[in-house]
Amino acid sequence: MPGQASFLTSEASPPERSWRLDLAAEYIAAQFRRAGLEPAGDDGYFQTAKSSLSGRDMKSFELKLANGAGVLAVGAEQATFGFQISGVQLWALDAEPTLAGAGLVKAVFKDGASLDSFTREQLQGKVVMTEFPTFPRGDRARGFQLLGAENEFMAKAHALGVPLVIAFDRESARGRGAGSVRLVDPESKGRQSPLGDKPTAPLLFVHGTQGAQFFDALPAGMGPATVTFRAPSRIETPVSLRNVAGLLRGSDPLLRDTYVLVSAHYDHLGVRDNCAEGDCVFNGANDDGSGTVAVVEIASALSALNPRPKRSILFITFFGEELGLVGSRFYGRNPLVPLSKTVAQVNMEQVGRTDDSEGAQVGRAALTGFDYSTLGALFERAGEASGVVVYKHPTNSDAFFGRSDNQALADVGVPAHTFGVAFEFPDYHAVGDHWEKIDYANMERVIRTVALGTLMIAEDPQAPRWNEANPKTAKYVEAWKKLQGK
Ligand SMILES: [Zn+2]
């Protein structure tokens, strides 16, 4: 389960924010140039997406809790707004409530129905205070169940006219402020919450022992306490984000106007918000430095072939995967080569580490949506030739199909899959995802397999097909038919 993190530096004020992502983009472009790929973007190797960042200025934040005995002033460093999961902000502050001496109600959270005994008359205009259970690390199923219950609670609070919910967190002393700076995608309506589309009240976590003491001292239900609150003001900053794309032009007069996409995402989670000590950088060596390196290596290997592959191959690295497939969805709406002529996308995620939580994955690579198209069998043959077992994971193969940038292309009809070695590994979305934990010998074998399979697609006049016998492909088959005018 992803933690809260920003992919930006947070020390600079927005206009001067340094984009570490730009350094990576420049590096990848240089490698594409070295491999002899043609620039395929709108600006050399770059495909530029204009967007803006939406954040909040915690300097204008104010929170005072009064209980008759005294007043507790909560500092910005003890506050966190909302909860972020897979790039979606839950329980965000959308309105700007300003509360002066609003009433408080202490509610004990047990499950999604914990507010059911209250009436609108009792809660309208009042702040609800509660405490959520500690998030179960490493137990996704339980984590999602808990989030679902919390979301029910937040939806109920909204329905009862609660302008703000304050949850006390005694486990950690520091907050993360107004949450990550969010990417505003002007062409889409923003990401839907994975927990449903009911409107919810905004949530503010108050961290540390002082807040917990205030909470513990409150009697349950209505009390004499009051809250004064000023929301941090909104800041919008325009930004340009870049996919990096290079083309290896095909050699066959009939097939060269058809394309295979080889891709990975080059963003990760950036720098920890409000990080004061220790390792503050999310390196993402495996997720997805490994896939990015694989794209560059396959580009180098295939561009050295003489004659070149028959079909053209577009090598592309996407921004914003961790924010919800933003870069690949942008590409899906603004393709650099015709989508109807794009026969397949081969995406790579987490191909470096073999220390999967289910056990070592040496000499093995999984393809998501393995039997959704003819590509599963093709890559199985490529693996036989290169000594890597390409397999269908019994549960993760289908469950992870929508978890990476292949989804954006599948949605527009292109047979698209993601290669991975470790689905879950100890440092997943943690600062410890470091380069020295990569199994380089194994990664080389896996990259050879993907390169060989890509070449097989590029050489075969028969384009890959969705597997229409699998009911899970129905919407992709429909999109493919639309794309092909059938
Ligand atoms: Zn990833």
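**Entry 1. Leu254**

I began with Leu254, which I located in the loop between E14 and strand E15 (259–265). The model is a predicted one, and I read each position below on that footing. Buried or exposed, I asked of Leu254? Its relative accessibility is 74%, so I entered Leu254 as exposed, the cut-off for that class being over 50%. I then took the C-alpha distance from Leu254 to Arg311 and obtained 8.5 Å, for a pair that lies 57 residues apart in sequence.

**Entry 2. Confidence**

I looked up the confidence of the chain and noted a mean pLDDT of 89. Of its residues, 92% reach 70 or more. I marked residues 1–18 separately, since pLDDT stays under 50 there. For this stretch the model has 52 contacts beyond four places in sequence.

**Entry 3. The chain as a whole**

I counted 11 helices and 24 strands. The radius of gyration is 25 Å, close to the 23 Å that the globule rule gives for 486 residues, so I recorded the chain as being as compact as a globular protein of that length. Along the principal axes, I found that the C-alpha trace spans about 80 × 45 × 45 Å.

I noted that 55% of the 486 residues count as buried. The accessible surface comes to about 20,500 Å², and carbon and sulfur atoms hold 52% of it. Among contacts with a separation of 6 or more, 83% are accounted for by residues 24 or more positions apart. For the charges, I noted 49 positive and 57 negative, with mean positions 4 Å apart.

**Entry 4. Cis peptide bonds**

I inspected the bond that joins Asp287 and Asp288 and found it cis, with omega about 5°. Asp288 belongs to helix H5 (residues 285–303).

I also entered a cis bond from Asn306 to Pro307, where omega is near 0°. Pro307 sits in the loop between H5 and strand E18 (312–318).

**Entry 5. Positive phi**

At Trp91 I noted a positive phi of about 55°, although the residue is not a glycine. I placed Trp91 in the loop between strand E7 (88–90) and strand E8 (98–106). Its relative accessibility is 2%, so Trp91 counts as buried.

His429 likewise is not a glycine and has a positive phi of about 55°. I found His429 in the loop between strand E24 (416–420) and helix H10 (440–459). Its relative accessible area is 10%, and I therefore entered His429 as buried, the class being under 20%.

**Entry 6. Pro232**

I turned to Pro232, in the loop between strand E13 (221–230) and strand E14 (233–248). Pro232 is buried, with a relative accessible area of 0%. Which residues does Pro232 touch, not counting residues up to four places away in sequence? I listed Arg56, Asp57, Met58, Ser60, Phe61, Phe81, Leu93 and Glu96. I also took the C-alpha distance to one of these, Phe81: it is 10.0 Å, with the two positions 151 residues apart along the chain as the separation.

**Entry 7. Asn243**

I next examined Asn243, which is found in strand E14. At 0% relative accessibility, I recorded Asn243 as buried. Leaving aside neighbours within four places in sequence, I found Asn243 in contact with Tyr45, Phe46 and Gln47, with Ile316, Thr317, Phe318 and Phe319, and with Gly327, Phe330 and Tyr331. I checked Ala29 as well: its C-alpha is 9.9 Å from that of Asn243, and the two are 214 residues apart in sequence.

**Entry 8. Pro163**

I closed with Pro163, in the loop between helix H3 (140–159) and strand E10 (165–169). How exposed is Pro163, I asked, and what relative accessible area does it have? I found 22%, so Pro163 is partly exposed. Not counting residues up to four places away in sequence, I noted that Pro163 touches Pro97, Leu99, Gly125, Lys126 and Pro202. I took Ser114 as a further reference, 49 residues apart from Pro163 along the chain, and entered a C-alpha separation of 17 Å.

How values were computed. Residues are numbered from 1 along each chain as its sequence is written. This is a predicted model: local features need pLDDT of at least 70, side-chain atom pairs count only at pLDDT 80 or more; totals for chains, interfaces and linings use all residues. Side-chain values use heavy atoms; hydrogens and water are left out. pLDDT is the predictor's confidence in each residue, from 0 to 100. Contact means heavy atoms within 4.5 Å. Helices (H or I, at least four residues) and strands (E, at least two) are DSSP runs, numbered from the N terminus. The radius of gyration is taken over C-alpha atoms; the globule rule is 2.2 Å times the number of residues to the power 0.38. Buried means under 20% relative accessible area, exposed over 50%, partly exposed in between (1.4 Å probe, protein chains only). Accessible areas come from the Shrake-Rupley method with a 1.4 Å probe; for residues, only the protein chains shown count as cover. Lys and Arg count as positive and Asp and Glu as negative; His and the chain ends are not counted. The place of a charge is taken as NZ of Lys, CZ of Arg, CG of Asp or CD of Glu.
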